[in-house]
Amino acid sequence: MIWESWSAFWEMGGSGPFVWASYGVTAILIIAELLLLRSRRVSSTRKLNRLMRAGQARKMPEVQGS
Amino acid sequence: MKARHKRLTLILGGLLLLIGATALVLSAFRENLVFFHTPTEVAEGKAPTGRTFRIGGMVETGSIRREGVEVHFAVTDTARSIPVVYSGPLPDLFKEGKGAVVQGKLGTDGVFAASEVLAKHDENYMPPEAQHAIDQAQQAAKTVQQ
Amino acid sequence: MSTSESRFNLYHYAAPQAFYPVAGKLAPIFAVIAAALTLAGLWIGFFKAPTDAVQGEVYRIIFIHVPAAWMSMFVFLVMAFWSAVGLAMNTRLSALMAQALAPTGAMFCFVALWTGALWGRPTWGAYWVWDARLTSQLLLLFLYLGYMALVAAVDDPRRRDKAGAILCLVGAVNVPIIYFSVKWWNTLHQGASVSLTKAPSMASIMLSGMLVMALAAWAYTIAVALYRVRVLILERERHADWVRGELTRLGEAN
């Protein structure tokens with residue numbers, strides 16, 4: 001173990017705010033991307049299902065997608 | 001029709017924004033392609049006069065001198081050396097014998113009045129013991145040469 | 001849904017219908033690999049790698065900064081590759097692959113800029129400078145955002161794919177500029193610690209932590225892109241019979 005204590009670990013030799021803001025924001029962005037992807041999958045399949053059930057999938061304008 | 005118009009303005013707006021951002025970045029790019037000049041270039045008169053620019057090099061060993069709030073030091077590329085005066089906070093990695101980039105104006109007295117001092121570090125990462133060993137080896141090599 | 005797996009045929013898997021179930025099988029595998037590598041990389045980075053002699057502890061930002069920066073450049077090159085394939089061979093799947101990768105590449109590009117700013121302040125003394133490396137990396141973020149906006153704005157799928165592909169191929173020129181900027185011009189940003197042409201200038205335990213994190217970023221990108229391309233395939237192929245079957249199945253599951 002290279003850290004003398006957990007508080008030394010969190011302090012990061014005085015650079016704590018910089019290190020943890022880097023890792024924290026990265027973690028938040030990754031979680032956000034995964035949640036956005038899931039919500040897109042759910043909303044997209046729902047919308048496509050609705051179109052299909054309405055039997056108009058062929059006549060409907062292009063579904064917005066990216 | 002209305003939705004189409006809305007989307008068109010959205011696209012045009014986004015495109016304009018993108019072009020603006022790119023233009024901004026490219027102009028910064030052109031201006032700072034030469035991010036700093038070396039002391040030799042400055043001594044040869046290749047650096048711009050009358051406007052702020054940056055000098056990059058090593059902080060000359062033994063040159064740091066503090067006078068009240070002012071810090072005097074010299075930036076060198078081993079061939080030439082430029083005296084610098086600066087008052088303000090210095091980055092942690094600012095040390096004698098290490099890289100630095102100073103921004104400011106060259107005075108008529110040949111002293112560079114810096115408004116900003118940045119530390120430039122190298123791409124080497126190693127634990128303190130390894131650094132210590134390298135320093136000792138270099139010291140030993142110097143002694144042998146002498 | 002019977003895929004003939006007796007003989008490996010690349011053209012067979014280039015069809016969205018064939019690729020959809022393959023992506024569904026591969027994505028969770030890569031997700032598990034990504035999670036495992038991230039844990040291992042963080043363990044090495046925070047508990048095995050020693051303090052840096054010059055920078056102290058703040059250098060530990062390198063374990064996300066460098067993998068994110070590498071990934072942001074590499075993903076754009078892969079998008080350009082798929083764009084070229086799409087334009088040349090007229091395959092539907094390749095454009096969808098590029099579109100599935102873009103948000104993840106943009107995310108990594110932002111992470112590289114963000115962590116770089118937080119690393120620059122305590123070491124250089126500035127969050128941001130307009131040197132060639134930082135400026136070209138910022139341009140990459142704009143290219144990603146521009147690509148995503150373009151793809152979202154064009155209604156017709158064929159024109160959307162083509163417009164996106166052209167932007168990708170033109171924008172890819174920026175990637176070597178980013179990579180070599182520290183060699184070609186005077187920059188505040190230091191040179192590469194790891195390159196193909198010289199021995200890495202890092203203690204090996206620090207280097208291994210960085211490489212494990214880089215592999216984790218690869219696995220994450222592959223997993224997320226595969227999940228995303230499945231959604232894109234369903235949207236694009238929604239008139240196909242197999243998609244109708246799949247949608248009914250998904251609808252019942254929801």
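Q: Where does Thr78(B) sit?
A: In this predicted model, Thr78(B) has its place in the loop that lies between β3 (70-76) and β4 (81-86) of chain B.

Q: And what is its phi like, positive or negative?
A: The phi of Thr78(B) is positive, at about 75°, although the residue is not a glycine.

Q: Is Thr78(B) buried or exposed?
A: Thr78(B) counts as exposed, because it has 11 C-beta neighbours inside 10 Å, and the exposed class takes residues with 12 or fewer.

Q: Switching to chain A, what about the phi of Met12(A)?
A: Met12(A) is a residue other than glycine with a positive phi, near 55°, and it is found in the loop between α1 (6-11) and α2 (16-53) of chain A.

Q: Buried or exposed, that Met12(A)?
A: Met12(A) counts as buried, because 20 C-beta neighbours lie inside 10 Å, and the buried class begins at 20.

Q: Different topic: how many residues does each of chains B and C bring to their contact?
A: Chain B brings 33 residues to the contact, while chain C brings 35 residues.

Q: Which elements of chain B supply at least two residues of that side?
A: On the side of chain B that touches chain C, α1 (2-31), β6 (112-120) and α3 (128-145) each supply at least two residues, and α1(B) gives the most, with 9 residues.

Q: How do the residues of the chain B side divide into nonpolar, polar and charged?
A: The side of chain B that touches chain C is made up of 21 nonpolar, 7 polar and 5 charged residues.

Technical notes. Residues are numbered from 1 along each chain as its sequence is written. Chains are lettered from A and ligands numbered from 1 in the order in which they are written. This is a predicted model: local features need pLDDT of at least 70, side-chain atom pairs count only at pLDDT 80 or more; totals for chains, interfaces and linings use all residues. Two residues are in contact if their C-beta atoms, placed from the backbone, lie within 7 Å. Helices (H or I, at least four residues) and strands (E, at least two) are DSSP runs, numbered from the N terminus. Ala, Val, Leu, Ile, Met, Phe, Trp, Tyr, Cys and Pro count as nonpolar, Asp, Glu, Lys and Arg as charged, and the others, Gly among them, as polar.
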